[in-house]
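Here is a friendly walk through one protein model, meant for someone seeing it for the first time. Have a look at the picture, then read on.

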Amino acid sequence: MAAGPLLGYGHPGPPYVPGRAERPTPGTPPRAGETRRYLAVGLDCYLCLVTSGLLVRPYADSTAVPQVVGLLIGPVLVLSFLNQVVLTAVAGAGAGKLIMGIRVVSLPDVGRPGPVQLVRRWLYGLCWLPLQPWYGLRARLAGGGPGPRTACEEGAAYSDPAGLRQVRRTDLVAHRRAVAGRTG
């Protein structure tokens, strides 16, 4: 496996594996590692569900279980939107990504993502994430290898549908310093 191209800020990018990852564009920070990204998503889900549960808890004792689930849906969607769209527009990342040292940038300019991109990405995530168990089960029943990763990476290389990339904060800082040094 060959190392990726030398990026504009001094260290090689991630290794390029055809069909599994996007080829890093020279001069842009590499994508944050899978483990870091998955932990950030897990933290986002956990924080959203716990906060929603705390908001609904006063009504849980006097309401039937199906109604409690219905009560949870509203706060979960609102908190998810606030985290993934509003907080990312303001701080550069949602709560889980901030904790894990990840920032969301727009490609190819490595700038802040716009609200339309963030809303598109949020809607895509709402549709994609809940379907992952189904994709995994379908792949296993069909006799395929690993489940969800194979299902979402079939054919073309995986890339963010809104033209965004999750990068480590340290890589982003190094990239911005390198760009400032070249122009200044």
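Is Trp122 buried or exposed? Trp122 is buried, with a relative accessible area of 15%. Keep in mind that this is a predicted model.

**Helix α4**

Trp122 has company: Gln117, Leu118 and Arg121 are also buried in α4. Seen down the axis of α4, the buried residues fall within an arc of 135°, so they line one face of the helix. And what do these buried residues pack against? Their partners are the helices α2 (65–91) and α3 (95–99), plus the strands β1 (102–106) and β2 (164–168).

Turn to the other side of α4 and you'll find Pro115, Val116 and Cys127, which are exposed. As for the helix itself, α4 covers residues 115–128, 14 residues in total. From first C-alpha to last, α4 reaches 20 Å, close to the 20 Å expected at 1.5 Å a residue.

**An aromatic pair**

The model has one aromatic pair. Phe81 and Trp122 make it up, meeting edge-to-face with 5.1 Å between centres and 80° between the planes. Since Phe81 sits in helix α2 and Trp122 in helix α4, the pair ties together parts that are 41 residues apart in sequence. Phe81 counts as partly exposed, at 29% relative accessibility.

**Salt bridges**

How many salt bridges does the structure hold? There are two, and here they are:

| Acidic residue | Basic residue | Closest N to O |
|---|---|---|
| Asp44 | Lys97 | 3.4 Å |
| Asp171 | Arg168 | 3.2 Å |

Take the pair of Asp44 and Lys97: Asp44 lies in helix α1 (residues 34–60) and Lys97 in helix α3, so this bridge ties together parts that are 53 residues apart in sequence. Asp44 is buried, with a relative accessible area of 7%, and Lys97 is buried too, at 3%.

In the pair of Asp171 and Arg168, Asp171 is buried at 7% relative accessible area, while Arg168 is partly exposed at 31%.

**Cysteines**

What about disulfides? The structure holds zero of them. Take Cys45 as an example: the closest cysteine sulfur, in Cys48, is 7.3 Å from the sulfur of Cys45, which is too far for a bond because a disulfide needs the two sulfurs within 2.5 Å. Cys45 counts as partly exposed, at 32% relative accessibility. Cys127, back on α4, counts as exposed at 53%.

Note on methods: Residues numbered from 1 in each chain as written. Predicted model: local features only at pLDDT ≥ 70, side-chain atom pairs only at ≥ 80, totals over all residues. Heavy atoms only, no water. Helix = DSSP H or I, 4+ residues; strand = E, 2+ residues; numbered from the N terminus. Expected span 1.5 Å × (residues − 1). Buried < 20%, exposed > 50% of the residue type's maximum accessible area, 1.4 Å probe, protein only. Arc of directions from axis to C-beta. Contact = heavy atoms within 4.5 Å. Phe/Tyr/Trp six-rings, centres within 6.5 Å; stacked < 30°, edge-to-face > 60°. Salt bridge = Lys/Arg side-chain N within 4 Å of Asp/Glu carboxyl O.
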